[in-house]
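Colleague: I would like to go through this model with you before I use it. Please keep the answers short.

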Amino acid sequence: MSSIGSHRPEEAAPGAGYREGFDAAMSGRRAECDGGKAIEGTHFAGRQEFAGILTGHFRDFGDYPWRWYLMTELTHRPSGYAHEAVWCDSGSVILEGDE
Amino acid sequence: MSGPLHTPLCDKLGIEYPIVAFTHCKDVAVAVINAGGFAVLGEAMHSPEQIAADIKWIRDRVNGKPFGIDLVLPASVPEEKTVEELLAQIPQSHRDYEQMIKRKYNVPDPKQAPNLHIWGGLDQKRALAQVEVVFDERVPVFASGLGSPAFLLKRAHQLGIQVWGLVGKPRQAKKQIAAGTDVIIAQGYDAAGHTGNIGTFSIVPQVVDAARGSGVPVIAAGGVTTGRHLAAALALGADGVWTGSLWLASRESDVNLPLKERLLEAETDDTIYSDCISGYTMRTTRCPWHDEWLARGAPEVLKPPLQMLLSANYIQGSLDYQRKDLMTEAAGQGIHYVTEMKPARQILSDLVEGALDVFDRFASA
C-alpha cells in the first residue's frame with residue numbers, strides 16, 4: 001500500500017487489489033470518519049475517529065465495489081496517530097451537513 | 001410461540017428466544033443454537049480456509065438451524081509498514097518499561113515467540129477474502145462487528161444472506177438502516193472489547209427510535225448477563241440481546257481454565273477501558289500490564305500497532321503458562337453476574353426464566 005503521508009496518493013501498483021479514481025464532488029468536503037480496524041495479533045477490534053477534509057481520491061476494492069476515500073487535513077485523530085491522512089470506508093464517512 | 005420474549009427477531013430468524021450469543025468458540029455456538037437461541041461466531045482472525053471449515057463444523061451439528069459469522073470489516077486504514085520497520089519505531093524507553101514489568105511480575109517468555117509476520121493483512125483485501133467465504137457458504141447471517149457492511153448488501157441479499165451491523169453511535173445506525181442493513185446491534189460502552197462511548201441504556205432507545213418504521217430489528221449489546229437485562233432491553237424497545245461475556249466461562253467455552261476462574265471472580269470494576277494493550281481503546285479485565293501502564297510516570301501508550309507489538313510477549317507468556325495473575329481478556333461490565341461455570345443451555349435457560357419473572361412481576365402488579 002502506498003504511503004498516505006502526502007495528500008496525493010501514489011498510483012496503484014499492479015496487483016494492489018484496488019482501482020483508483022477521483023470524485024470531484026467529494027473533493028474538499030469536510031467529513032468525519034467512524035473508523036477502526038481489527039487489532040493485530042488478537043481477535044479484537046478497535047474504534048478510531050477522525051475528522052478532516054476529503055481529497056476526492058478514492059480506491060475501489062472488489063467487485064461490489066467497496067469504496068474508500070482519502071481524508072487529510074485532520075482536525076481530529078486518535079491520540080498517537082502519527083499520520084497526516086487516513087483512508088476511510090465510504091460507509092463510515094459522515095459528510096458535514098448530512099447528519 | 002407467543003409471549004413477552006417472542007419478538008420480530010425470533011420470526012426473522014426462526015428462533016425460540018431473542019438471545020444472540022457472540023462467541024469465538026464453536027462448541028458454545030452449537031449449544032446455544034440447539035437450546036433455542038442464536039449464535040454468531042467471531043471469525044475475524046481466521047483464514048478463509050479456517051472459516052469454511054468452522055462453518056461446516058457448525059452446520060453438521062445444528063440440524064439446519066440458522067447461525068451467523070462475524071467479521072471485522074475495517075473502517076479506516078492507516079499507512080502500512082513491514083514488521084521490521086514497525087519494531088524499529090518502538091522507543092528504547094518503552095522497551096525498558098516492558099522489561100521492567102517482565103521482571104517485576106516474573107512474566108514468562110512465550111513458549112514460542114508470537115509470529116508477528118502473520119499480523120499483516122488486516123485490511124480490505126483480507127476482509128474481502130473472508131467475506132467471500134461467507135457468501136460461498138451461504139451462511140444465513142453475516143454480522144459486521146465494526147465497519148459498515150453497506151457495500152456488500154446487494155450481493156448478500158441476492159444470496160439470501162441477512163446482514164447485521166454493530167454500531168456504537170446512533171448516526172451509524174441511521175446510515176446503515178438507510179443503506180438496507182437487516183438488523184442493527186446497538187452496542188453500549190458497558191460492552192467488552194471495542195465500544196463507543198455511549199452507555200447501553202442511552203444508545204439502545206436512540207437506535208430503536210432511528211429504526212422506527214423501517215422494520216429493522218434492533219439488538220441491545222453491552223453488559224447483558226441476566227434475565228433482568230434481557231427484560232430491560234425489550235422494555236427499551238429492542239428486539240433481542242447480544243451477549244458475549246456471558247459465555248466466556250461456560251462449560252463448553254474453550255477459554256482456558258485459569259482465565260475462566262479469573263472471569264468468574266471478576267467484578268465490574270475489574271474491567272477497564274484502556275488503550276494500553278493495543279493502542280486502541282477496548283474494555284478488558286484488568287491485569288498487571290494495565291496497572292503499570294496506567295501508573296503515574298508510565299510512558300505514553302504507543303500508537304497501533306506498536307503497543308500491541310510491545311505487549312505481545314506479555315500476553316502470550318501469560319497464556320502459555322496459564323498465569324491467572326497476569327491474564328487479561330475482553331469482558332463487559334456485566335461480568336459481575338458471571339459467577340458459575342454452567343453449561344450454555346443452562347445459561348440460556350436462566351436468562352429466559354429471569355426475564356419471564358420480570359414480566360410476570362409486572363403483569364401481576
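Modeller: Two residues are in contact here if their C-beta atoms, placed from the backbone, lie within 7 Å. Bear in mind that this is a predicted model.

Colleague: How many residues of chain B are in contact with chain A, and how many of chain A take part?

Modeller: The contacts are counted by that C-beta cut-off of 7 Å. On that basis, the count for chain B is 48 residues, and they meet chain A at 39 residues.

Colleague: Which element of chain B gives the most to the side that touches chain A?

Modeller: Elements that each supply at least two residues to this side of chain B are β4 (76-77), α6 (124-136), α8 (170-179) and α14 (306-320). By class, the side has 25 nonpolar, 15 polar and eight charged residues. The element that gives the most, with four residues, is α8(B).

Colleague: In β4(B), which residue is the bridge partner of Trp87(A)?

Modeller: Strand β5 of chain A, residues 86-89, is joined to β4(B) by two bridges, and the strands run antiparallel. The partner of Trp87(A) in β4(B) is Val77(B).

Colleague: What pattern does chain A follow along the sequence?

Modeller: Chain A has zero helices and six strands. Of its 99 residues, 48% are buried. Among its contacts between residues at least 6 apart in sequence, 50% join residues at least 24 apart. Read along the sequence, the pattern is β-β-β-β-β-β.

Colleague: Within what arc do the buried residues of α15(B) fall, seen down its axis?

Modeller: Helix α15 of chain B, residues 344-364, reaches 30 Å from its first C-alpha to its last, close to the 30 Å expected at 1.5 Å a residue. Its buried residues include Ala344(B), Leu348(B) and Ala355(B). They line one face of the helix, because seen down the axis of α15(B) they fall within an arc of 135 degrees.

Colleague: Which elements of chain B do the buried residues of α15(B) pack against?

Modeller: On the other side of the helix, Glu353(B), Asp360(B), Arg361(B) and Ser364(B) are exposed. The buried residues, Ile347(B) and Leu351(B) among them, pack against β1 (19-23), α2 (26-34), α10 (227-235) and α11 (245-248).

Colleague: What ipTM does the predictor give the complex?

Modeller: For chain B, the mean pLDDT is 93, and 97% of the residues reach 70 or more. Where pLDDT is low, the predicted coordinates should not be read in detail. For the complex, the predictor gives a pTM of 0.91 and an ipTM of 0.82.

Notes
Residues numbered from 1 in each chain as written. Chains lettered and ligands numbered in written order. Predicted model: local features only at pLDDT ≥ 70, side-chain atom pairs only at ≥ 80, totals over all residues. Nonpolar A, V, L, I, M, F, W, Y, C, P; charged D, E, K, R; others polar. Pairing = 2+ DSSP bridges. Buried ≥ 20, exposed ≤ 12 C-beta atoms within 10 Å, placed from the backbone. Expected span 1.5 Å × (residues − 1). Arc of directions from axis to C-beta. pLDDT = per-residue confidence, 0-100.
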